[in-house]
Amino acid sequence: MRAAYRGRQELFTEADLACKEPIGQFKVWFDEARNEPSVMEANAMCLATASKDGTPSARYVLLKGYGPDGFKFFTNYESRKAKELEENPKAALTFYWEALRRSVRIEGTVARLPAAESDEYFHSRPKASQIGACASNQSTPITGREVLSAQEKYLASEYSDKEIPRPNWGGYIVVPHSIEFWQGQSDRLHDRIRFRLPQETEKPDGKLLHEGDNGWVYERLSP
């Protein structure tokens with residue numbers, strides 16, 4: 001199972017960077033992905049967390065906002081991911097846009113979004129999605145699908161004509177310290193350019209380590 005990626009005429013070099021800081025570069029790639037018809041959900045990202053003892057777990061969530069402050073997503077606060085983030089507030093995100101042969105990897109610390117922001121986003125969702133968030137006690141065992149169906153039916157009736165209160169559910173923001181841009185090559189000599197926050201003693205030399213904008217540095221990594 002060996003897929004063809006990009007050819008040598010489509011390298012991703014330092015000269016091809018649209019920005020010398022990662023958020024602007026992410027926007028360029030993300031906009032290309034969301035405008036590519038064959039990419040179904042450009043904002044789908046794999047979220048990796050770890051428990052206090054270092055046991056990892058990963059699952060897909062949807063990006064719901066990003067900017068210089070970080071990358072946002074929402075989930076149930078009783079879910080496994082949320083419990084692990086309370087124990088160990090560090091996470092990694094991975095985007096993969098197969099049609100473009102591109103991936104972005106993000107690592108950083110995690111914090112909850114303010115309650116007011118979670119309230120605003122929750123009530124902007126379709127009512128069926130709000131009911132779904134209330135009906136599911138995420139990551140807990142249930143006897144069967146009928147449990148969810150019954151709870152969904154009850155909540156739909158209960159809140160047919162009134163606002164649904166936000167359950168124990170809300171947002172997080174991943175504040176990045178490292179963002180890597182990967183572009184696949186058919187010969188497996190893939191292009192990897194990583195932006196990161198430098199250590200205090202590091203000085204860009206313009207060869208291995210380059211000075212970027214807004215406090216970032218960047219470097220090329222071997223594939």
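These legends describe close-up views of a predicted model.

**View 1. Strand E7 and its covering.** Strand E7 spans residues 169-183. E7 is mostly covered, with 13 of its 15 residues buried. Three strand pairings of E7 are described in the next view.

**View 2. Strand E7 pairs with E4, E6 and E8.** E4 covers residues 70-76. E4 and E7 run antiparallel and are joined by six bridges. Within this pairing, Phe-74 has Gly-171 in E7 as its bridge partner. Strand E6 takes in residues 102-112, and its antiparallel pairing with E7 counts 11 bridges. Here Ile-173 in E7 stands opposite Ala-111. E8 also pairs with E7 in the antiparallel sense, over six bridges. Gln-183 has its bridge partner in E8, namely Asp-191.

**View 3. Helix H4 and what covers its buried residues.** Helix H4 runs over residues 127-135. Which residues of H4 are buried? They are Gln-130, Ile-131, Ala-133 and Ala-135. The cover over these residues includes two helices, H3 (115-124) and H5 (145-158). It also includes strands E4 and E7. E7 thus appears here again, as part of the cover of H4.

**View 4. Arg-194 meets Glu-219.** Side chains of opposite charge can pair when their charged atoms come close. Arg-194 and Glu-219 form a salt bridge, and their closest N and O atoms are 2.6 Å apart. This pair links distant parts of the chain. Arg-194 belongs to strand E8 (residues 191-196), whereas Glu-219 belongs to strand E10 (residues 217-220). The two residues are 25 residues apart. Is Arg-194 buried or partly exposed? Arg-194 has a relative accessible area of 25%, so this residue is partly exposed. Glu-219 counts as buried because its relative accessibility is 10%, under the 20% cut-off.

**View 5. Arg-196 has two salt-bridge partners, Glu-202 and Glu-219****.** The Arg-196 and Glu-202 side chains meet in a salt bridge of 2.8 Å, N to O. Arg-196 is buried, at a relative accessible area of 15%. Glu-202 is partly exposed, at 23% relative accessibility. Arg-196 also forms a salt bridge with Glu-219, where the closest N and O atoms are 2.6 Å apart. That second pair again links distant parts of the chain: Arg-196 is in strand E8, Glu-219 is in strand E10, and 23 residues separate them. Shared partners join Arg-194, Arg-196, Glu-202 and Glu-219 into one network of salt bridges. The structure holds 17 salt bridges.

**View 6. Tyr-66 and Phe-71 form a stacked ring pair****.** The structure holds 20 aromatic pairs. In this one, the ring centres of Tyr-66 and Phe-71 are 6.1 Å apart. Why does the pair count as stacked? The planes of the two rings lie at 15°, which is under the 30 degrees required, so the pair is stacked. Tyr-66 is partly exposed at 27% relative accessibility. Phe-71 is buried at 0%. Ring pairs link both residues into a cluster with Phe-26, Phe-30, Phe-95 and Trp-97.

**View 7. Arg-112 lies over the face of Tyr-77****.** The distance from Arg-112 to the ring centre of Tyr-77 is 3.6 Å. Arg-112 belongs to strand E6 (residues 102-112). That strand is the E6 paired with E7 in the second view.

Definitions and conventions:
Residues numbered from 1 in each chain as written. Predicted model: local features only at pLDDT ≥ 70, side-chain atom pairs only at ≥ 80, totals over all residues. Heavy atoms only, no water. Buried < 20%, exposed > 50% of the residue type's maximum accessible area, 1.4 Å probe, protein only. Helix = DSSP H or I, 4+ residues; strand = E, 2+ residues; numbered from the N terminus. Contact = heavy atoms within 4.5 Å. Salt bridge = Lys/Arg side-chain N within 4 Å of Asp/Glu carboxyl O. Pairing = 2+ DSSP bridges. Phe/Tyr/Trp six-rings, centres within 6.5 Å; stacked < 30°, edge-to-face > 60°. Lys NZ or Arg CZ within 6 Å of the ring centre and 35° of its normal.
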